[in-house]
Amino acid sequence: MNAAPAIESGARAGDARKVGVAQVLVYELRVRDAMSKPPVTAAPTDSLRSIQLSMKTHRFSGVPITRDGELLGVVSIEDIINALDQGHINEPAEKWMSRNIVTLRDHFSLVRAVAEFDRHGFGRFPVLDTSDRLVGVITRGDITSCLMQHLERRAEEALALEATLRAAHVDDEKAQRVVIHAHVRTGDYDSAGKLSQRMRTVLRERAIDPEIRRRAAVVAYEAETNIIIHSLGGEIVATIDPDKVGIDATDTGPGIDNIEQAMQEGWSTAGRLPRELGFGAGMGLPNMKRCSDKFEIVSNRIDGTRVHSEIFLRKAA
Amino acid sequence: MKTFWEVVRAEPLTDHVPESVTGCYISDLLSDVLAHAQPGVLWLTVQVHRNIVSVAATKDIAAVLITCGRKPDSAVVVEADEAGIALLTTPLSTFAAAGKLWEAGVR
């Protein structure tokens, strides 16, 4: 997660879109960044008395009751007061806990979390992930301290950036050419698209026609996934000039036996795992060729495979 | 008037979901989507790996509707939010969801 581009482009676009760092942060930071984890929980069979003691130790106003990570209910300070008042403080939590629980998801933005605090007036929310497992608890205090921490970090980063910018300003004039370089590892499906994403950002900043931008992005993305799926590892270099993008993908082998066959749609040598992830349609190389203005591929058993693609650039009308 | 995602009983996973989409594309093969999907469409797939976000971003796809009740990791949702791609999940099958969307006028 890196906020710098968002702030930068916001400021560049003019005053209308200027937003404060704190404002950006509440959108950017997630409940998972601010919540306390792992959550302190109690079992449904625990007595309200033991939960009262746990609340006292941790200074909590509520404790989630869980079984195997599944949220069953919450015992709040109010439940404890009632139990003391009515004399059932030694009974198990499951008998008296509140069962209708409002929860937050760990991927919610903090701005959404704050809205939920305002809406419900609760002091704390249990936090679930997308598989409905309890992963934390969040309070308004957690949000505040998380924001403070990140603001401090941003301030430090801003100071450091200012120093670098002053130094980099000199090079700015020749910055017409941007070169993006990425090592690509075999089987690293989680990293697919990293280079293509960086390239897209540059092309968007340069106001390149969206259709051309998408073609370049397809070439870069397919080149990345090809190396991940088929090769022993390699690298990609995207050279962005004002009038064209050059994408050079090289790997260290094992090489393609029959390039003509590989260029046919539907032909694939991908294994089971990549296919399950939606790769291996046999369209990678044909896609790259179709999206390129210039396309060359060389491959042999000794040097591996080298693909060179060029996409001519034009600014959006 | 229901939104396109209410029509398929979808649960939005990302903070932002567009009010409408310009059309629909269905495929579980990433390269096929890269080859044929139009920008601004809703993409229906059973894939949940983070590459769906990369592919959607590459083609300026507006939203990804994950079918058959499958759900991606929270990390994928965060990534989608950052990329400005909406992610939704529906309990319906791809076929049923497509039918309902067609009926609702998403063409």
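## A sheet, an enclosed helix and a histidine

Just past helix 4 of chain B, B:Gly84 adopts a positive phi of about 75°. That is a handy place to start a walk through this structure, which is a predicted model.

Let's step back into the helix itself. Helix 4 of chain B covers residues 74–83, and 7 of its 10 residues are buried, so the helix is largely enclosed by the rest of the structure. The buried residues are B:Ser74, B:Val76, B:Val77, B:Val78, B:Glu79, B:Ala80 and B:Asp81. What lies over them? The cover includes helix 3 (31–34) of chain A, along with helix 3 (51–58) and strand 5 of chain B. Both chains therefore take part in covering this helix.

Strand 5 brings us to the sheet of chain B. Here 5 strands make an open sheet in the order 1-5-4-3-2, with mixed pairing. Strand 1 and strand 2 of chain B are at the edges with a single partner strand each, so one side of each has no neighbour in the sheet. Strand 1 of chain B runs antiparallel to strand 5 of chain B, and 2 bridges join them. Across this pairing, B:Glu11 stands opposite B:Thr89 of strand 5 of chain B. Helix 5 (residues 94–103) of chain B packs on the sheet, where it touches strand 2, strand 3 and strand 4 of chain B. The direction of this helix makes about 165° with that of strand 2 of chain B.

For finding your way around the sheet, here are the residue ranges of its strands:

| Strand of chain B | Residues |
|---|---|
| Strand 1 | 11–12 |
| Strand 2 | 24–26 |
| Strand 3 | 42–45 |
| Strand 4 | 63–66 |
| Strand 5 | 86–89 |

Now over to chain A, where A:His308 sits in strand 10 (residues 304–312). Is A:His308 buried or exposed? It falls in between: A:His308 has 15 other C-beta atoms within 10 Å, so it counts as partly exposed. Setting aside neighbours within four places in sequence, A:His308 is in contact with A:Asp248 and A:Glu296. A:Asp248 is 60 residues away from A:His308 in sequence, yet their C-alpha atoms are 4.7 Å apart.

How confident is the prediction for chain A? Its mean pLDDT is 86, with 90% of its residues at 70 or more. Strand 10 of chain A, the home of A:His308, has the highest confidence in the chain at 95, while helix 1 (residues 4–12) of chain A has the lowest, at a mean of 38. Over residues 1–17 of chain A, pLDDT stays under 50, and the model has 12 contacts beyond four places in sequence for that stretch.

Key. Residues are numbered from 1 along each chain as its sequence is written. Chains are lettered from A and ligands numbered from 1 in the order in which they are written. This is a predicted model: local features need pLDDT of at least 70, side-chain atom pairs count only at pLDDT 80 or more; totals for chains, interfaces and linings use all residues. Two strands pair if DSSP finds at least two bridges between them. Helices (H or I, at least four residues) and strands (E, at least two) are DSSP runs, numbered from the N terminus. Two residues are in contact if their C-beta atoms, placed from the backbone, lie within 7 Å. Axes are lines fitted to C-alpha atoms, for helices over the stretch in contact, and angles run from 0 to 180 degrees between N-to-C directions. A residue is buried if 20 or more other C-beta atoms lie within 10 Å of its own, exposed if 12 or fewer, and partly exposed in between; C-beta atoms are placed from the backbone. pLDDT is the predictor's confidence in each residue, from 0 to 100.
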